[in-house]
Each structure stands twice: as structure tokens, then as C-alpha cells.
Amino acid sequence: MARVANSTKEAIELPAIDEQRINDAMNNFTSIQSEYNEERDLVNQLLGQSQMADAFAKFMNTVFIAKLSYVKENKLYQYITNNKSEDSSSKNT
């Protein structure tokens, strides 16, 4: 069975390219994209700062708990005096 050649289609006329409109559109796109990049960079910077502050707060909380644990383990809380009771007892004598 032999192959049959397809008949050629008529040439399609393409519309003329308006280079000025294409350049204008590209310039608009570039300016919009640069504004978007600046805003995105600012948001990323603020997000990074907030993540750093959160990490610092968690670290400080860990240090706080570790110090309180040390005080409890060594019963150092016994050495804390109540200044009000000492002041009142010294005034009575």
C-alpha cells in the first residue's frame, strides 16, 4: 500500500508585527516586575528579622529555665531573704 502525498495548504498570512507595542509592553512588564521585586525583598527581610527575634526569644527562655533549674537543684532559693520581714524584726528590737 503506497502512501499518497498530501495536498499543500494555502499559505496563511500573518499579521504585521508592531515592534513599538511589543517594546512598550516589555518596558511596562519590566517596571512592574522591579516594583514587585522590591516589595518582595522587603517582606523577606522583615520575615527574616521576625524569625531571628523569635529564635532569640526562644534561646533566652531556655537560658531562663536553665538558671531556675540550677537554683532549684542546688536549693539556692533558701538563701533568698524577705527584706520586709527583716526590716520589721529589726525595728521591733
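Start your tour by selecting K58: with a relative accessible area of 52%, this residue is exposed. Keep in mind as you look around that this is a predicted model.

Now add D54 to your selection. D54 and K58 form a salt bridge, and their closest N and O atoms are 3.3 Å apart. Where do D54 and K58 sit relative to each other in helix α1? They are four residues apart in that helix, so about one helical turn separates them. While D54 is still highlighted, check its surroundings: its relative accessibility is 39%, so D54 counts as partly exposed.

Next, select F59, which also belongs to helix α1, the stretch covering residues 19-73. Is F59 buried or exposed? F59 is exposed, because its relative accessible area is 51% and the cut-off for that label is over 50%.

Keep F59 selected and add M52, F56 and M60. Together, these four residues make a nonpolar patch on the surface, with about 450 Å² of accessible area between them. Try showing the surface in your viewer and colouring M52, F56, F59 and M60 to see the patch.

For the last stop, move to R40 and D41. Their side chains meet in a salt bridge, at 3.9 Å from N to O. Which label fits each partner, by relative accessible area? D41 is partly exposed at 44%, and R40 is partly exposed too, at 37%.

How many salt bridges does the count come to? The count is two: you have now visited D54 with K58 and D41 with R40.

Key:
Residues are numbered from 1 along each chain as its sequence is written. This is a predicted model: local features need pLDDT of at least 70, side-chain atom pairs count only at pLDDT 80 or more; totals for chains, interfaces and linings use all residues. Side-chain values use heavy atoms; hydrogens and water are left out. Patches are made of residues with over 30% relative accessible area and no salt bridge: like charges are joined within 9 Å, nonpolar side chains (Val, Leu, Ile, Met, Phe, Trp, Tyr) within 5 Å. Accessible areas come from the Shrake-Rupley method with a 1.4 Å probe; for residues, only the protein chains shown count as cover. Helices (H or I, at least four residues) and strands (E, at least two) are DSSP runs, numbered from the N terminus. Buried means under 20% relative accessible area, exposed over 50%, partly exposed in between (1.4 Å probe, protein chains only).
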